[in-house]
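Visitor: I would like a close look at a single part of this model, followed outward into its surroundings. Please take me through it with care.

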Amino acid sequence: EDTYSDEGQNCRKSQCCREVGAQCYAKNEFWASCRVGCDTSPDVNDGNKSWTCNTMGPKSWGLAVKDWPSLFCFSLFMPSSYEMGLMQMQLGKDAGIFGCDGHEVFAAEEATVGTSKDGKVIKTVLIPKIDVGVSQDGTA
């Protein structure tokens, strides 16, 4: 038995969509499909037939790509230190934050960590420098 449906598949039975933000919408009593939105006006891609747009099941949060539960991971690091080597080693092994479904690398300077196994160039997301001043007692 199908536990979810992909875009273009009939989701009447599963009432669950794989795509993040998709909802199973009924066209008629025989067909439903996963869509991000639905319109009851005639569909030019479907012989100008209308959809009922009745929702079936919950709106999808999406399925985990690598494992369950789906995780988004991030790291804050200093590219000009030994930490760059650690990040590059983890990226090469698809380990650490790179083993999560989604990830970002934050740093105070621009840097390219490398290229992931799926061909994505991993660059740092810059965090702005913030002047924090001196504490009231002058110790920090």
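Guide: Cys 53 has a relative accessible area of 16% in this predicted model, and because that value falls under 20% the residue counts as buried. Cys 53 belongs to the loop between β2 (32–35) and β3 (54–56), and its phi is near 65 degrees, a positive value in a residue other than glycine. The backbone is worth noting at this point, since most residues other than glycine have a negative phi.

A second residue shares that feature in another loop: Asp 94, although not a glycine, has a positive phi of about 55 degrees, and its place is the loop between α1 and β5. The surroundings of Asp 94 are described by a relative accessibility of 34%, so Asp 94 is partly exposed, whereas Cys 53 is buried.

Returning to the earlier part of the chain, one finds Arg 35 over the face of Trp 51, at 3.8 Å from the ring centre.

From here the view can widen to the nonpolar cores. The largest of them has 13 residues, and those with the most contacts inside it are Phe 77, Phe 98, Val 105, Val 113 and Ile 122. Both α1 (83–92) and β5 supply at least two residues each to this core, and it is α1 that gives the most, with three residues. Apart from this core lies another, of eight residues, which include Cys 11, Cys 17, Ala 22 and Met 56. Such groupings are in keeping with a wider tendency, for in soluble globular proteins nonpolar side chains tend to be buried together.

Strand β5 also takes part in the pairing of aromatic rings, for which the count comes to one pair. The rings of Phe 74 and Phe 106 have centres 6.1 Å apart and planes at 85 degrees, and because an angle over 60 degrees marks such an arrangement, the pair is edge-to-face. This pair links distant parts of the chain, with Phe 74 in strand β4 (residues 72–76) and Phe 106 in strand β5 (residues 102–107), 32 residues apart. The two partners fall into separate accessibility classes: Phe 74, at 57% relative accessibility, counts as exposed, while Phe 106, with a relative accessible area of 25%, is partly exposed.

How values were computed:
Residues are numbered from 1 along each chain as its sequence is written. This is a predicted model: local features need pLDDT of at least 70, side-chain atom pairs count only at pLDDT 80 or more; totals for chains, interfaces and linings use all residues. Side-chain values use heavy atoms; hydrogens and water are left out. Rings of Phe, Tyr and Trp (its six-membered ring) pair if their centres lie within 6.5 Å; planes under 30 degrees apart count as stacked, over 60 as edge-to-face and the rest as tilted. Helices (H or I, at least four residues) and strands (E, at least two) are DSSP runs, numbered from the N terminus. Buried means under 20% relative accessible area, exposed over 50%, partly exposed in between (1.4 Å probe, protein chains only). A charge sits over a ring if NZ of Lys or CZ of Arg is within 6 Å of the ring centre and within 35 degrees of the ring normal. A nonpolar core is a set of buried Ala, Val, Leu, Ile, Met, Phe, Trp, Tyr and Cys residues joined through side-chain atoms within 4.5 Å.
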